[in-house]
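Visitor: I have a chain open on my screen and would like to go through it. Can we start with the overall picture and then look at single residues?

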Amino acid sequence: MFKEFQEFISRGTVVDLAVGVIVGAAFNNLVSAITTYLLNPLIGLFIGQIDLSDMKFQVLGANFLIGDLINALINFLIIMFVVFMIVKMMNKMRRDGSRSKFDQNGEEIPDPQTEYLQQIRDLLRYQQRNDHNNRY
């Protein structure tokens, strides 16, 4: 069992995933700090409250902490924007050359396997037509 676990852990994808989770957690902490210590005071200046996390309202004695929800929403938007920019950059790098499937004119280079499978498909259709015509 230990040997199987060691093989599982030594795979590159598992290590990459672990690094991604650690970096993601660190990035989340950074974004939370930026939201709490930089953006909240700036937003608080415009709405008249210094600390957004204390912002709340009551309905029939129940407290709704809307400030924490706003903080979480700001964190989410920042992280999603950064993820979007990373994906956009990766897509551009793929189009520009690294692992590209596009030629210099921007046209897609056909995959040899796909071409081969299309030829087989066309041949089978041709044979089916000929078989159908020969029967009648």
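Visitor: What share of the residues in the protein chain count as buried?
Guide: Of the 136 residues, 8% count as buried. Keep in mind that this is a predicted model.

Visitor: And how much area does the protein chain expose?
Guide: About 12000 Å². Carbon and sulfur atoms supply 63% of that area.

Visitor: How many helices and strands are there?
Guide: The protein chain has 4 helices and 2 strands. Read from the N terminus, the order is α-α-β-β-α-α.

Visitor: What about contacts between residues far apart in sequence?
Guide: Take the contacts between residues at least 6 apart in sequence: 32% of them join residues at least 24 apart.

Visitor: Back to the surface. Which residues form a nonpolar patch there?
Guide: L73, F76, L77, M80, V83 and V87. Together they have about 540 Å² of accessible area.

Visitor: Where does M80 lie?
Guide: In helix α3, which covers residues 66–96.

Visitor: Why does M80 count as partly exposed and not as exposed?
Guide: Its relative accessible area is 38%. Exposed would need over 50% and buried would need under 20%, so M80 at 38% falls in between.

Visitor: New topic. How many aromatic pairs does a search of the whole structure find?
Guide: The search finds 1 aromatic pair. The rings belong to F57 and F64.

Visitor: How is a pair like that described?
Guide: One gives the distance of the ring centres and the angle of the planes.

Visitor: Why is the pair of F57 and F64 called stacked?
Guide: The planes are at 20°, and planes under 30 degrees apart count as stacked, so this pair qualifies. The ring centres of F57 and F64 are 5.1 Å apart.

Visitor: Are those two rings' residues buried or exposed?
Guide: Neither. F57 is partly exposed at 41% relative accessibility, and F64 is partly exposed at 40%.

Visitor: Now charges. How many salt bridges does the structure hold?
Guide: The structure holds 1 salt bridge.

Visitor: Which side chains meet in it?
Guide: Those of D122 and R121, with 3.0 Å from N to O.

Visitor: What is the relative accessible area of each partner?
Guide: D122 has 39% and R121 has 38%. D122 therefore counts as partly exposed, and R121 is partly exposed as well.

Notes: Residues numbered from 1 in each chain as written. Predicted model: local features only at pLDDT ≥ 70, side-chain atom pairs only at ≥ 80, totals over all residues. Heavy atoms only, no water. Patch = residues over 30% accessible without salt bridge, like charges linked within 9 Å, V, L, I, M, F, W, Y side chains within 5 Å. Areas by Shrake-Rupley, 256 points an atom, 1.4 Å probe, with all protein chains shown as cover. Salt bridge = Lys/Arg side-chain N within 4 Å of Asp/Glu carboxyl O. Buried < 20%, exposed > 50% of the residue type's maximum accessible area, 1.4 Å probe, protein only. Phe/Tyr/Trp six-rings, centres within 6.5 Å; stacked < 30°, edge-to-face > 60°. Contact = heavy atoms within 4.5 Å.
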